[in-house]
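Here are a few exercises to work through with the model open beside you. Try each task before you read its solution.

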Amino acid sequence: MSHYTVACASCGLRWQKPGSLSAYEGQSVESRPCPSCGAYTLGCAEVRPAARGRRSAERPRRAAA
Ligand SMILES: [Zn+2]
């Protein structure tokens with residue numbers, strides 16, 4: 001089962017929600033106010049498993065070879 005992270009750009013609150021992040025889910029989340037500070041600055045991102053343990057300086061980019 002996948003899940004995604006919802007984060008508030010205003011106060012920094014973040015939490016995880018179960019389910020897959022569809023376009024509908026994204027819009028639904030972003031149209032709601034933050035439960036903590038009430039700002040409409042929520043954003044969501046998919047949680048990628050196996051993303052931990054990597055060197056933070058190493059950010060693979062999708063660039064042309
Ligand atoms: Zn907030």
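The mean pLDDT of the chain is 85, with 77% of its residues at 70 or more; pLDDT is the predictor's confidence in each residue, from 0 to 100. This is a predicted model, where local features need pLDDT of at least 70, side-chain atom pairs count only at pLDDT 80 or more, and totals for chains, interfaces and linings use all residues. Residues are numbered from 1 along each chain as its sequence is written, and side-chain values use heavy atoms, with hydrogens and water left out.

**Exercise 1. The elements**

Find the helix and the strands of the chain, and say in what order they come.

Solution.
- Step 1: Count the elements. There are 1 helix and 3 strands, where helices (H or I, at least four residues) and strands (E, at least two) are DSSP runs, numbered from the N terminus.
- Step 2: Walk along from the N terminus, and you meet them as β-β-α-β.
- Step 3: Check the confidence. It is highest in β1, at 94, and lowest in α1, at a mean of 91.

**Exercise 2. The sheet**

Work out the order in which the strands lie in the sheet.

Solution.
- Step 1: Start with β1 and β2, which run antiparallel and are joined by 5 bridges. Two strands pair if DSSP finds at least two bridges between them. Here V6 stands opposite W15 in β2, and Y4 is opposite K17 in β2.
- Step 2: Now take β1 and β3. They also run antiparallel, with 5 bridges, and A7 faces G43 in β3.
- Step 3: Put the pairs together: the 3 strands make an open sheet in the order β2-β1-β3. β2 and β3 are at the edges with a single partner strand each, so one side of each has no neighbour in the sheet.
- Step 4: Add the helix. α1 lies across β1 and β3, at about 150° to β3; axes are lines fitted to C-alpha atoms, for helices over the stretch in contact (heavy atoms within 4.5 Å), and angles run from 0 to 180 degrees between N-to-C directions.

**Exercise 3. The zinc site**

Which protein atoms are the donors of the zinc ion, and what is the geometry of the site?

Solution.
- Step 1: Look for donors, meaning N, O and S atoms within 2.8 Å of the metal (3.2 Å for Na, K and Ca); water is not among the atoms, so sites may look incomplete. You should find the SG atoms of C8, C11, C34 and C37, lying 2.3 Å from the zinc ion.
- Step 2: Check the angles. They are 107 to 114° among the 4 donor atoms, and the site is tetrahedral (four donors count as such if all angles lie between 85 and 135 degrees). The ideal angle for four tetrahedral donors is 109.5 degrees.
- Step 3: Read the spacing along the chain: C-x2-C-x22-C-x2-C. C11, in the loop between β1 (3–8) and β2 (14–18), and C34, in the loop between α1 (23–30) and β3 (42–46), are 23 residues apart, and the pair links distant parts of the chain.

**Exercise 4. Buried or exposed?**

Are C34 and G12 buried, exposed or partly exposed?

Solution.
- Step 1: Set the cut-offs: buried means under 20% relative accessible area, exposed over 50%, and partly exposed in between (1.4 Å probe, protein chains only).
- Step 2: C34 has 4% relative accessibility, so C34 is buried.
- Step 3: G12 comes to 47%, so G12 is partly exposed. G12 is in the turn of the β1–β2 hairpin and has a positive phi of about 90°.

Notes. Tetrahedral: all angles 85-135°; square planar, octahedral: opposite > 155°, others 65-115°.
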